[in-house]
Structure formats: structure tokens, C-alpha cells
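Work through these exercises with the model open. Try each task before reading its solution.

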Amino acid sequence: MESNKKYWKGLEELKNTPEFVEKNKNEFAESLPMEEVLNEAGLSTVAPRRDFLKALGFGLGAVTLAACERAPVHKSIPYLVKPEEVVPGIPNYYVSSFNGHSVLVKTREGRPIKIEGNPNCVLGKGSLDAVGQASILELYDVSKLKTPKLNNESASWPAVDSFVKSELNKVQASGKKIRIVASTINSPSTKAVIADFAAKYPATKLIQSDAVSYTGIVKANENSFGKAVLPHYSFDKADVIVSFGADFLGTWISPLEFNRQYVANRGIKSLKNNKMSRHIQFEAGMSLTGMNADARIALKPSEEGSALIILYRALGGTALVGAKKLSLKAENAIALAAKELLAAKGKALVVSGSNDVSIQILVNAINSLLGSYGTTIDLDNPSYQYAGNDAEFVDFINELKRGEVGAVFFLNSNPAYDYKHVKEFSDALSKVSLKVSFADRIDETASLCNVIAPNLHYLESWSDANPVAGYYTIVQPTINPVYNGRSAEQGLLIWSDNPVKDYYAYVKNNWEKSILPAAGKTWKELLQTGSVSTGAKPAGAYTFSRDLNTVAQTIINASQVLARGGNETNEKIDAYGAQSINVELHLYQSVALRDGKYANNAWLQELPDPVSKVTWDNYIAINPKHAEKLGIAEFDLLEIKTGKHSITLPALFQPGQAIGSVSVALGYGRSKAGKAGNEVGKNAYPLINYANGTFQTVTTAVISKTGGKYELAQTQTHHSYEGRNIIRETTFNEYKKDPYAGTGKSHGEHKSYDLWPEHKQPGHSWVMAIDLNACTGCGACIVACKVENNVPVVGRDEVRRRREMHWLRIDRYYTFNESGKGITEENEIRGLADMEDVSVVNQPMLCQHCDHAPCETVCPVLATVHSSEGLNMMAYNRCIGTRYCANNCPYKVRRFNWFNYWNDSRFDNYMNNEFTQLVLNPDVTTRFRGVMEKCSLCVQRIQAGKLQAKTEKRPLRDLEIQTACQQTCPTNAIIFGDLNDPNSEVSKALSNERTYYVLEEINTKPGVGYQTKVRNV
């Protein structure tokens, strides 16, 4: 890949539209709100000079007098008896578990303030994803119920218990059924509690149903090998990975674990050994996984089945007739993938994101031909992260309709939001006499129930998890229940007259009886380590021997139905929907909100989507070429309809989207989530297709214009590098020939000249290295930084005004694929005409802590200065908000506080209350209106680490101090440390041949170095 390759953040930058030029040519992106400021002072911008001076003089006098007044008294309540383990100012850490991943919980003076991955966790190895980082905010969510509800009235727990037991006895006597509806339960103790409950009430049955289903994989394995399990995949053992629509780095099954595995064969250590895995992605919509692929081929959903049939045939499988003719590029890619998969036999892996049983059976046959079972796929130590059964849930709905159910309990389940037919469900549920929800708020399903028994947050309760066979984690409370909630399991124990009423005792007994003896650990050791392993079974090799002809025919039939929706047309849609166009619809989970469970988390709502960089909304992603042919402009409001269901969303032009298809994110459109999540986006679950016993996220749809527009809040093109080259990229073959390939330098540094004397850093010199080959763009670092450094949420409207506050952003750059050749004007025009064949590079961008920092030279009050340890530091009390520093920063990483986000009623959806502010890190100052802020490289952690070493009378150890972004990164893409220590990991990383510095030609001497992106093409 030559140096003349062109990279662009968005279509407006590529086309250099007048709007883009106008937005980025001004010295400041936004003008100061002088009218608003003067109005607050009782003036206007047209006030006479005399009035202005009078007001100014009075204001100065008033401020002086106010300063002399006695400050308000805030009384603090000291400990009567101080807890032995609590020392003010010193954090305590406890182990717990989130979604099966063992975590460390940091508490300050008894309140949890930060979640980190537990290094003992076999899945995350000390890392954590964005959802895990943000989960702590939900502990302090003011939208949660304060007390239980009985018939829409607040009630005591004894009253609730008496009512439920009475109703259960009536149901039992009537002979009606009792159903517990839950998302996947992999907690051994919860399963035992439900079993005890069912023993008391024999009519009880557990119905497990996940909003986004993996039933197709489970049923396919039962059909193929007689094992109804979800396999445990090992991407780190695969030399060649081929994925058909499986976003395994974003949302598919276990993305935190898969990110770590994936980069194991692609990072610095692997490349130093001249080893790099090969990844080919076939998909309809651009995904996080597709962005990271070495080769990505856009396929419509209707073409996936044919592609798999062609691949199976190319691998030496039996001839299966009926495959649809694909594009020449797609068929060539499949032929190449088959060749590489066969060469990597035993170390190959093929996965599909489809929930269609037939497609997953064909994938099983392909992996059997490749010898993947027992190496990259483990059926004997399966994953228990998803065990939902779609057909059982549909049977449950039919039971409700027939009036056969007398009592139903909803545990971590919200079908009134995420079921396809909401009205059908609510009407059927009305026939049930006892309806109990364990939701922590009055959500969509809880609002239909006569009992709401609010469950506890995982940081308030005891529980456990068994995410993968042989691996168990403990959930332990780190704070007393904030509100009057109670664990759902304790309720079931009480209602079933279990002799053990305390759930803590139940969990402890269960572990000491069933799990700890096999692990050879004690209860005390478990509470210190957070997890145990009981040993894995040997992974067996499985051979596929079923006939595939019927399977192939089923796939082709389903593809033909889908294809009717995605045929290209030259007709345009008129402005008012009189004409509609058929498309193929691809539904997916967003990386931040997932299935919608976390919709009320403002940190996740404001996390830019890794692909589109949109916040606070979902949208209809459409290929620009396709949109142009249909007469659709970006942000046009489109109605998308499947059967009787329709929603209206804005169009977003998405390079890489398969022409003839559109993509819409699930997890939005909540109506009863809370202040932050209500009415954000539209609910796309009614568009899901139910076919062949499973809920499927691909279907046919009709789109039409509504005549309106809606501007999405995107972050990507809020700043411009004015065409300067900041991305370095090369191929694996070029790298093997020359390790400096793509860096722009050849075996040495370029000569530079300085206008300033060198900064002497005799003690520590704090620097950072970021490996572009390891960064997948998942966004975990953004949320971790936000939590650690009290970075405010600003909301949709402020993001639209380019006022987002993230200290760390991940820039996404597109480039056209032209067989590794440079982009000529002719090729660029040809690429614009297609927009399917693009590749992506992600680049984390934060304050570069330049030795020759342009911001420092222009600050009139020395609010930004350089430390003796190489940090560019901010003195907030000095800052007067001129924003000269932001203008002079070539990396555009400084953020200006337009408001006091912590106590402004306009931001009431987040932290405008004292209770939610308990999550704030007391070691980091919250900034106020008119002040500039930016990345500090977690200076508070640096100081804490230095103090700890000084107290213990020893030197600092390498990696003892970790920034928040580094600590959470699932792929170890970020390394922080002391450059003055030649043996430190960061020194070794920055001495790597792939290292370069962004805009090093302007000689700012950044303290953050990047390693060149390498593609195995």
C-alpha cells in the first residue's frame, strides 16, 4: 500500500462539500454565546457603552462583597466507629462478576466508583468492554424503583410476599401453569433456586428467551452432532478466519473474549515472529468486525446462503445444486478463501451470524471438512452465555392466548419491548392472574404486571455465573442496597417456603457443596480471586455425516424470498411515499446498547457507534450509490415496513453497505427505560422475522420517503487535518520484506530543527504507544476514560453543535480498495460510483502531550503548561476560556465546557442530581463552565502509583501505573509507561520499526507513538 493512498473520515470530507469546508475553515467551530452571557447579566449585545460600564462596575463590586460573605456551611457526619477496612482517600477493591466476566470493583469510602477487568478472568484477562465499564452508572440510576409495587401502589415486602404466595396457591389449586420467563441464566445458584421453586410448584417451567437469539446455532449442533450447545470458539488458534455476517468483535456471543483472542495473532509480538492470521469477512452492513478484516466483501443477506454453498463445494464437499450466481468479485473471494482455508486445515475457522438453523448446519459441515472441531471449535466445553429457545417462547405466547397460564414471572426479560408482536403479547398477558416482574424499574413489561419486585444491581447482591463449561465466577456485593430492592432469588426462596431464606447462605452452601471441592478452593479463596476453574474436558473432533441436500434447498428457498426485496431499480422514490422500494433488511445490535437493556445508560448513549460515529439514535444505513439511484438524500426520513409493522428513521449514507440492502440497529426506541433512554431512536424489534422456529434478523422490507428530515448527532467530521496524512498502513508481505514499510521512513529518523530548547526530564518521562494493528475500535477506552476522569455527557443537541466532551476519540478512516494501488482521480470516481469496496483504519486520538506543544505557546494565562515528566498539564483555575489552545492544537483533542454540565437542568438526563454524582471519582476535579479540558494521561493514577512506591521505599515497577484506557483495552493496544526506563514495555514498543508519530513533520514532538497498521492481503 503506497503512501499516495487517500484516507477520508466521511463522505463530506471525500467530496469536500461546501458545508464541510464552511464548518472547518473557521478559527472556532462554535462562537461564544455572548448574547446569552450578557442576558444573564441584564444586558444585551446592543447595550449603550455607559450602561455596559455601569453594569460592569456594579458586577465587580457585587462579586467583591459576595466574596466577603460567610460561605455556606456543609456539615459532615464523622464515623462514630470507623470501619477497619476504610481509610479516607484510599480505595478498596472487591471482586465481583458482570455478565460472566470476573471484575474488580474500586470503592471509595464505601461507594463503588470504577469497574476493571479481573486479571484472573480466563475470558477477559483483566480487560473489560464498554458495557462493563458503564455498568456502574446503573447502580446510581434515579429511574429505579425505590420500593416494591403491588397493583400499581407502593407496598412493603411482607405484603408482596403474602399476596404472591396466596396467588400461587390459587394457581396450583386451579391446575394452571406457572412460567418463569428469563433471558439466559448461567448462574448455578439461580438455577438451583428455580429447581427448588419448581419442586414446590410442579406446574412451573423455565422459559429462556434472548432478545437477540442464538437458537439457530444450538439447534444446528443438535441436528449435526446430537449436542444442543453453543460452541466455545478459539479465534487465537485460527490462522485463517472466514466470517459470514458474524460481528464477533462487536456483539456476537462473547466479543470481549474474542477481541483478545483475535489480536493474539496480529499484535506486536506476533508480527515480530512474522506471524499474522488472515481474516476474510462477508457481510451486508459494515460492522466492527468488517472494519478490521484483511478483506471484506459486501454481500446482501440473500446471497449468504449461496456463498456458503459455493464455499462448501470449493472445499471438496458434495455438489449441492441451486446456489445463486454471485458477483465475480464475490466468487473470486470465495475461491481464494477456500484455498487458504484448506492450506490452514486444523487451524481454520468459519462462523456465521445467521440464526437460521439450515445455514448453521452448512457451516458445521464446512468446519468439519476443515478439521476445526477439537481445535478452533470446542463442543465438549461449550459456552453457556446464550441458551434461549425461540420455539419455546412462541409456545409460551400461545399458552397465554389459550388462558392456560395462571402465573408468570419475568426475570431479566422484557418481551413487551423486544418481542415482535407487542400488542399480541400484552393482550395475551392480560389473561394471567399473577404477573410478577423482577425489573428494577417500571419498564415496558413491568407496567403490565400486578407485582413488581425490584431486583438488585449486581454490585448490591450475591450471585454467581458459569459462562463457559468448567469456569465459574462469584458475584458479591460492594455496597448495601441503595433502595428497598431484593434479589429475585430471595423472593423465589421465600415464596417456595425454602428452609434457606437468605440468598447469601444459599449461594455459599451451593458453592461449598457443588463447585469448590472440584476446584480445590475454599470460600475465602474464592472471594479473593473471584473465579475458579474445575478443569476442562479434552475437546473432541466431530465429523459431519448428515445429508445436506434438504438443507441446501431450504437455504435457497429462504434466499429467494429475501432476494425479492433487494433487486436493484432505477426508479426514484417520490417525496411523499406514493412509491415504495423493496430492500433486504439487516437488523443488528449496536456495540454500545446491545439489545436495549442498557438504553438508560447515558455513557453508552453518547458513545459514538464504531462505524457511523452516530450518538443518541439509530438510523437506516444505506449505500450512497443505492440512495442516489433512489433519490434519497442523507438524513431524509424514511418509513421502513415489514408486514404490518413500520418505523420511521433518518437515512445515513454508509460506505461498505451492500447495494440493495439496508441496516437498522436494535436496542433503541425504549418507552419506559428512564430519563436518558426514553424515546431515543425507534424500536426495530417488530421488524424481526420469525421463520423455521427461530427469530431471524434478516428479512424483506419496503422503504418510502415521508418528506421530512432529521439530523443525526455524529462526531466523526467535527475536525479536519486539512488533508495531511496521519494514517500509516502496509501489507504483511511488505512488512516481512521491510519492517519499516508504511512508516514513511527508511531505517532511521528524519532530521529536525527546534525553535525551543529541549525539555529536560531527568526523572520519569511518561509516554504512550498505540498499536493500530491491535486496536479494533471497540470504544471500551472511551467509556473507561469517561468514568475515570468525570468527563460529562452533553446530549444529542450539543453533539450536533460539535460540543462532545470525550477526552479520547477513535477516528475512523475509509479508503478505497484498489488492489493495493494508489488512488488516482479515475479510480476515485469509480469508487464513488460503487462505495461497497472500502476498507477502514481506526486510530485512537487523545492529547499527544507534545514536548513542543502548540497549545502552551498561545495560552495567555499559562493555564496549560509542561511538567518535568513530559505531561502537558491543565490548571483549571487559571483557564479563562479563550480557546486559543484548542485552535492551535493540530490534533483537535481539547474540549471546552460550554455549560456547568453537573448542575444545569438542561442536562437532567444524566447527573443533575446528588445521588448519581456519587459515581464521580473524587481524585479528579469536575470542571466548570468556560474551562478547557483534555486528556491528562490519568495524572491522578501516576501520582497514586508514585506515592505507593515511595511509601514502600522502592522504585516504580513497569506497568504498575496504567491509564484507564490501557487497563480496560481488550486487545492490549495501548501501552503506557516511562520512556526513561529502557526495559519498560513502552520503550520497547516505541523502538519497534513500525512506530511513527502523527504529524511529526510539524515537529510538535508528541509523546504518543503509533504502530503502523498491517493488513494480511
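Helices here are DSSP runs of H or I with at least four residues, strands are runs of E with at least two, and both are numbered from the N terminus. The model is a predicted one.

**Exercise 1. A loop residue**

Task: Locate Ala-599, and decide whether Ala-599 is buried or exposed.

Solution.
- Step 1. Ala-599 sits in the loop that links β20 (581-589) to α22 (602-605).
- Step 2. Buried means under 20% relative accessible area. Ala-599 has 2% relative accessibility, so Ala-599 is buried.
- Step 3. Beyond four places in sequence, Ala-599 touches Leu-593, Gln-605, Gly-667, Arg-670, Ala-673, Ala-676 and Gly-677.
- Step 4. Asn-678 is 79 residues from Ala-599 in sequence, yet their C-alpha atoms are 8.0 Å apart.

**Exercise 2. Two further residues**

Task: Place Ser-437 and list its contacts beyond four places in sequence. Then treat Ala-627 in the same way.

Solution.
- Step 1. Ser-437 belongs to strand β15 (residues 434-437).
- Step 2. With a relative accessibility of 1%, Ser-437 is buried.
- Step 3. Outside the four-place window, the contacts of Ser-437 are Phe-410, Ala-446, Cys-449, Val-451, Ile-452 and Ala-453.
- Step 4. Ala-627 is part of helix α23 (residues 624-630).
- Step 5. Its relative accessible area is 0%, so Ala-627 counts as buried.
- Step 6. Ala-627 touches Ile-622, Ile-632 and Phe-653, with residues up to four places away left out.
- Step 7. From Ala-627 to Gly-660 the C-alpha distance is 9.6 Å, across 33 residues of sequence.

**Exercise 3. Angle classes**

Task: Classify three helix pairs by angle: α7 with α19, α15 with α17, and α14 with α21.

Solution.
- Step 1. Recall the cut-offs: 65 to 115 degrees is roughly perpendicular, under 35 roughly parallel, over 145 roughly antiparallel, and the rest oblique.
- Step 2. Helix α7 (residues 188-200) and helix α19 (residues 503-519) cross at roughly 105 degrees, and their axes come within 10 Å. The pair α7 and α19 is therefore roughly perpendicular.
- Step 3. On the α7 side, the contact includes Pro-188, Val-193 and Asp-196; on the α19 side, it includes Tyr-503, Trp-511 and Ile-515. By class, this contact has eight nonpolar residues, three polar and one charged.
- Step 4. Helix α15 (residues 390-401) packs on helix α17 (residues 422-429) at about 50 degrees, with axes 8 Å apart. So α15 and α17 are oblique.
- Step 5. Helix α14 (residues 357-369) and helix α21 (residues 549-563) pack at about 130 degrees, with axes 9 Å apart. So α14 is oblique to α21.

**Exercise 4. Handedness and chemistry**

Task: What is the handedness of the α15 and α17 crossing, and which residues meet there? Do the same for α14 and α21.

Solution.
- Step 1. α15 and α17 cross in a left-handed sense.
- Step 2. α15 brings Phe-396, Ile-397, Leu-400 and Lys-401 against Glu-424, Phe-425, Ala-428 and Leu-429 of α17. The classes in this contact are six nonpolar, two charged and no polar residues.
- Step 3. The crossing of α14 and α21 is left-handed.
- Step 4. α14 supplies Ser-358, Ile-359, Ile-361 and Leu-362; α21 supplies Val-551, Thr-554 and Ile-555. Here five residues are nonpolar, two are polar and none is charged.

**Exercise 5. The whole protein**

Task: How many residues does the largest nonpolar core have, and which residues have the most contacts inside it?

Solution.
- Step 1. Start with the overall counts. The protein has 32 helices and 41 strands. Of its 1017 residues, 60% are buried.
- Step 2. Take contacts with a separation of 6 or more: 74% join residues 24 or more positions apart.
- Step 3. The largest nonpolar core has 101 residues. Trp-603, Leu-604, Met-768 and Tyr-1010 have the most contacts inside it.
- Step 4. Helix α25 (residues 780-788) gives this core its largest share, five residues.
- Step 5. Another core lies apart from it, with 79 residues, including Phe-235, Ala-238, Ile-334 and Val-591.
- Step 6. Now inspect Trp-603. Beyond four places in sequence, its contacts include Gln-133, Leu-137, Lys-786, Val-787, Tyr-910 and Val-919.

Definitions and conventions. Residues numbered from 1 in each chain as written. Predicted model: local features only at pLDDT ≥ 70, side-chain atom pairs only at ≥ 80, totals over all residues. Heavy atoms only, no water. Buried < 20%, exposed > 50% of the residue type's maximum accessible area, 1.4 Å probe, protein only. Contact = heavy atoms within 4.5 Å. Core = buried A, V, L, I, M, F, W, Y, C linked by side-chain atoms within 4.5 Å. Axes fitted to C-alpha atoms, helices over the stretch in contact; angles between N-to-C directions. Left-handed = near helix turned anticlockwise from the far one by under 90°. Nonpolar A, V, L, I, M, F, W, Y, C, P; charged D, E, K, R; others polar.
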